[in-house]
Amino acid sequence: MERGEAMDGELEEQKGLLQSSTSYKKKKGGLKTMPFIIVNESFERLASTGLMPNMIFYLMNDYHMAAATGSILLQSFSAICNALALFGAFVADSYLGRFRVIAIGSISSLLGMIVLWLTAMFPQVKPTPCEQYSSNCEPATAMQLAILFSSFGLIAIGAGCVRPCSMAFGADQLDDKANPNNERTIASFFNWYYASTGIATVLALVGIVYIQEQLGWQVGFAVPAILMVFSVLMFVLGSSLYVRIKSGNSLFTGFFQILMASFKNRRITLSPTNEDICYHQNPDKTFPGPSENLRFLNKACVIRDPSRDLKPDGSASDPWSLCTVEQVESFKVLLRIVPMWLSGIMLLVSIDQNFSTLQAKSMNRRILFNIEFPAGSFSVVLVVTITIWVAFYDRVVVPFLAKYAGMPRGISPKIRMGIGLVLSFIALGQAGIVENVRRGRAIEEGLDVNPGGVLDMSAMWLFPQFILLGLAEAFNAIGQIEFFYSQLPKSMSSIAVALYTFGMALASLLSAFLIKIVDSVTSRGGNVSWLATNINQGHYDYFYWLIATLNFLNLFYYLYCCWSFGSFESRKNTEGVEEEEESYHRRH
């Protein structure tokens, strides 16, 4: 009897511990973690975005860089930030988990901003000051550049770790399958997340840029560093509340496995029909067999020796030598949309140009209430345009088309992508015309020898190019991501955003390459470069028209991609009908 009571007591105690453990787990995650995550990302975005618009002036004035050299450096920095975003996502998914990667990235950004602030505080880490636009300025030493580049590198690592993981980490906290409103809750989080980062971007382009221009670099760099301190503290304070999903296999690892397995099995001969070949498939068999396009990849899923290639549970013994049909077919879908993805690179190159800051600096920037707007703040027009158009399209255009044109999803993604490319061509053409007029007016007013002077021409003439580029990005970028989502399997939905991020990295590299080539070619023989530091002597209008021409050619490339993709879809549908008819005849 006593023994039975003792056992009952132990069972009650274990039950109590289990309930305690369960209630503890329930305390993890949820809406209470959102302020920590959203504030962390918003402050990181506010701090890092606020540094960039005026950075070209810091490099030109304090480090004595030419306009083209400074622009190449900033384009390279942008490319590294976006490329590291893919690396950060890979490390988080495969090894460290999102919490650790965000923590490492936040600290790295903070250290980078502190180093950048120190370059403004101590004159010894910069070249000796000299008169702006003088040809006798002392260049920065290797050590001085190393300190500057180390700050950029730390900030890039931070951005590459925080940005790709922050949204997914927030979704991890809210993902509760038992909650009937789970999807609505996560969708609400995404809306608040985008709204907060959008507000942070606007505040950075207006507030921090204004502080830099009015109070100088010492205060202008100190403010982002202080904001980043709050970003780190907020994220760390919520650490005991977070749900931490364990890392697993990354999609990128799977892609490399397919390429490696195809190479290892390259000597296998595939028969015209797949009847004599045994392919490795998932238990649910999403695909009856591999498709005929990109057939060399099918070798990655060929089972040569079942006893050696497969484990007792049916999984591959070595995933680097044998992949599933589902893996291979998903990879093929990705490869098919790559040409369409490449068509958006030139639009991103157009948006990536920061020479408009130099133009605004030379123009009358008193727009409203006689307030002089900072030259680096004009790109906020692009951000506001995107925000307004996205809301208008979602709330007005789509319901109108659904009601009166029978288009419940609005304009198709491919048409929107094409409209974006047309708008980018018009925007750069118009930007060249405005710069041509601005340059002519500057020469008439005698400012060709006084590049620091301000001509009597309103900077509002720059608004149309920002509005057109904002519309171009809203049409093309969102249409592109929606197109990727419609083509890729659900298991690869994260690749849609990753492709766009990687596209921005390539666009920055291409932009830096174009600037380098144009500056080198046009300055030969002692001629003044199109991208001269003195913009009144250069020909930035020609550079804009060059990019407009490339956008025009890119439009024809996009039309060819649409035709080619449509032709492939038509063939695929025809093959599907033929396979169904053949299967019917075999059964009857």
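## Salt bridges and nonpolar cores

R395 is exposed, with a relative accessible area of 66%. Here, buried means under 20% relative accessible area, exposed means over 50%, and partly exposed is in between (1.4 Å probe, protein chains only). Its partner D394 is partly exposed at 43%, and D394 and R395 form a salt bridge. That term stands for a side-chain nitrogen of Lys or Arg within 4 Å of a carboxyl oxygen of Asp or Glu. Elsewhere, E213, R365 and E372 are joined into one network by salt bridges that share partners.

A quick word on what you're looking at: this is a predicted model, where local features need pLDDT of at least 70 and side-chain atom pairs count only at pLDDT 80 or more, while totals for chains, interfaces and linings use all residues. Residues are numbered from 1 along each chain as its sequence is written, and side-chain values use heavy atoms, with hydrogens and water left out.

How many salt bridges does the structure hold? There are 11 salt bridges, and here are some of them:

| Salt bridge | Closest N and O atoms |
|---|---|
| R163 and E44 | 3.4 Å |
| K332 and E329 | 3.2 Å |
| D394 and R395 | 3.7 Å |

Let's start with R163 and E44, which form a salt bridge. This pair links distant parts of the chain: R163 belongs to helix α6 (residues 142-174) and E44 to helix α2 (residues 34-51), 119 residues apart. Helices (H or I, at least four residues) are DSSP runs, numbered from the N terminus. R163 is partly exposed, with a relative accessible area of 30%, whereas E44 is buried at 1% relative accessibility.

Now for K332 and E329. They are about one helical turn apart because they sit three residues apart in helix α11 (residues 325-342). Both K332 and E329 are buried.

Next up, the nonpolar cores. In soluble globular proteins, nonpolar side chains tend to be buried together. A nonpolar core is a set of buried Ala, Val, Leu, Ile, Met, Phe, Trp, Tyr and Cys residues joined through side-chain atoms within 4.5 Å. The largest one has 116 residues, and M55 and L358 have the most contacts inside it. Helix α18 (residues 540-587) gives this core its largest share, 10 residues. Leaving aside residues up to four places away in sequence, L358 touches I56, F57, M60, A67, I535 and Y540; contact means heavy atoms within 4.5 Å. Apart from the largest core lies another one, with 20 residues, including I38, V91, C165 and I186.

How values were computed. Helix = DSSP H or I, 4+ residues; strand = E, 2+ residues; numbered from the N terminus.
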